[in-house]
Amino acid sequence: MNIFEINELNFIEKRIGPIPILEMDNFYKHPEKVLEFLNSNPPDFHKSEEEGFNGVYFEDKRHNIEHKDFNVSQIIAKHLNFNCERDNIIMTNQFIMKDNEFNKPMTHYWAPHCDPKSLACLIYLNTFDCDGTNFYLENDNAPEFKGAEHKNPWKHKQYFRLLGTTQAKFNRICIFNGQNVLHGMALDKTFIEPCKEKRLNQVIFI
């Protein structure tokens, strides 16, 4: 049994403000098995070599697991007529915040950024519905943000215009041009400890 088997691709085109995205619900055939597999493999701290507060005020972690049965990136790339090198790496984002003054999700956004590759494919894996991904435009008055991501991740909302937010439904995939679109995790008090689950999604770059 391949727990990473997916259902027939049937994307719905949507727009988040002016941003085109593709979405599909019920992406994996066995999402509970995928979640069980991830939960049985502890993730590592992201960018642990950089200066910052990861592991102090928050935990920003990643799975990077090579698995012979994982060929989802190739299937998506072929469906969308993209070139994709064979990649059997399962990569995730797992995140949780501590309840302290450093974390400011009500007044700030977490690390708006662009990606190094064209397509970002996010598979939301929390078992309850919540906000997923924010899309932004940077305002003209925004300063030049410098420094390591985990030292100063929170950026005040006054410097960005929020274009919209995807909804993170369990086993939903969302695809967008991460290279040209400023985006980031949509965070509120949902993922401040103590909470029901840590924020979790799988990410595929094409």
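Before we start: contact here means heavy atoms within 4.5 Å, and a residue is buried when its relative accessible area is under 20%. Keep in mind that the model is predicted.

**Exercise 1.** Work out which elements the buried residues of helix H2 pack against.

*Solution.* Start with the helix itself: H2 covers residues 72-79, and its buried residues are Val72, Ser73, Gln74, Ile76 and Ala77. Now look for their partners. These buried residues pack against E8, strand E12 (172-177) and E14. To finish, step just past the helix: H2 is followed by asparagine 81, which has a positive phi, near 60°.

**Exercise 2.** Describe the largest pocket, from its volume to its lining.

*Solution.* Take the volume to begin with: the pocket holds about 680 Å³ of space. Next comes the lining, made of 36 residues, with Arg62, Ala111, His113, Asp115 and Glu149 lying nearest the centre. Then ask who supplies it. Elements giving two or more residues include strand E4 (58-62), strand E6 (89-97) and strand E13 (182-185). E8 and E14, which you met as partners of H2, are also among these elements. Lastly, sort the lining by class: 17 nonpolar, 10 polar and 9 charged.

**Exercise 3.** Find how many cavities of 30 Å³ or more there are, then say what lines the largest cavity.

*Solution.* The count is 1, and the largest cavity has a volume of about 40 Å³. Walk around its wall and you'll meet, among others, Tyr124, Cys130, Asp131, Ala168 and Arg199. E9 and E14 each give at least two lining residues. By class, that lining splits into 5 nonpolar, 3 polar and 2 charged residues.

Terms used: Residues numbered from 1 in each chain as written. Predicted model: local features only at pLDDT ≥ 70, side-chain atom pairs only at ≥ 80, totals over all residues. Heavy atoms only, no water. 1 Å grid on protein atoms, 1.4 Å probe; cavity = no way out; pocket = protein on both sides within 12 Å on 5 of 7 lines; lining within 4 Å. Points joined across faces, edges and corners; volume = space filled by probe spheres on them. Helix = DSSP H or I, 4+ residues; strand = E, 2+ residues; numbered from the N terminus. Nonpolar A, V, L, I, M, F, W, Y, C, P; charged D, E, K, R; others polar. Buried < 20%, exposed > 50% of the residue type's maximum accessible area, 1.4 Å probe, protein only.
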